[in-house]
Amino acid sequence: MAARDYEVAPVTESLQLDKIITGLAGDLEALRAGKISVNDAIARSLLAKQIFNGVRLYLNGTKMLADQAREVQRLPETAE
């Protein structure tokens, strides 16, 4: 895996993106089998799209903050 894959792994695990993808695949199968309507499938896909947009924004924001971060020097401890 590339280094960036290791960085995003905790996000994918915490948001359970694998379950979302599996659910979308199940929705496609259900649509093809006639178990859900086209409108239901569209609604579910639009919700998933918004989740993935949120993940993209989170990852881009995290990367931007990390790229702009500077190391802070620790101040010496003072005795009181």
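**Calls and cut-offs in a three-helix model**

Leucine 46 sits in helix H3, which covers residues 38-68. The model discussed here is predicted.

Q: Why is leucine 46 called partly exposed?
A: Its relative accessible area is 47%. Buried means under 20% and exposed means over 50%. Leucine 46 falls in between, so the label is partly exposed.

Q: What makes Val38, Ile42 and Leu46 a patch?
A: They form a nonpolar patch on the surface, with about 270 Å² of accessible area together. Patch members need over 30% relative accessible area and no salt bridge, and nonpolar side chains are joined within 5 Å. Leucine 46, at 47%, is over the 30% cut-off.

Q: What makes aspartate 27 and arginine 44 a salt bridge?
A: Their closest N and O atoms are 2.9 Å apart. The cut-off is within 4 Å, so the pair counts. Aspartate 27 belongs to helix H2 (residues 17-32) and arginine 44 to helix H3, so the bridge ties together parts that are 17 residues apart in sequence.

Q: How do you know whether aspartate 27 is buried or exposed?
A: Aspartate 27 has 16% relative accessibility. That is under 20%, so aspartate 27 counts as buried.

Q: Why does arginine 44 get the label partly exposed?
A: The relative accessible area of arginine 44 is 36%. This value lies between the 20% and 50% cut-offs, so partly exposed is the right call.

Q: What makes lysine 63 and aspartate 67 a salt bridge?
A: The N to O distance is 2.7 Å. That is within 4 Å, so the rule is met. Both residues lie in helix H3, four residues apart, about one turn of the helix. By this rule the count comes to two salt bridges.

Q: Why is aspartate 67 called exposed?
A: Aspartate 67 has a relative accessible area of 54%. Exposed means over 50%, so aspartate 67 qualifies.

Q: How do you know that the span of H3 is close to the expected one?
A: H3 has 31 residues and reaches 45 Å from its first C-alpha to its last. At 1.5 Å a residue, 45 Å is expected.

Q: Which residues of H3 are buried?
A: They are Ala41, Ala48 and Val55. Buried means under 20% relative accessible area. Of the 80 residues of the protein, 11% count as buried.

Q: What makes the pattern of the protein α-α-α?
A: The protein has three helices and zero strands. Read along the sequence, that gives α-α-α.

Note on methods. Residues numbered from 1 in each chain as written. Predicted model: local features only at pLDDT ≥ 70, side-chain atom pairs only at ≥ 80, totals over all residues. Heavy atoms only, no water. Patch = residues over 30% accessible without salt bridge, like charges linked within 9 Å, V, L, I, M, F, W, Y side chains within 5 Å. Areas by Shrake-Rupley, 256 points an atom, 1.4 Å probe, with all protein chains shown as cover. Salt bridge = Lys/Arg side-chain N within 4 Å of Asp/Glu carboxyl O. Helix = DSSP H or I, 4+ residues; strand = E, 2+ residues; numbered from the N terminus. Buried < 20%, exposed > 50% of the residue type's maximum accessible area, 1.4 Å probe, protein only. Expected span 1.5 Å × (residues − 1).
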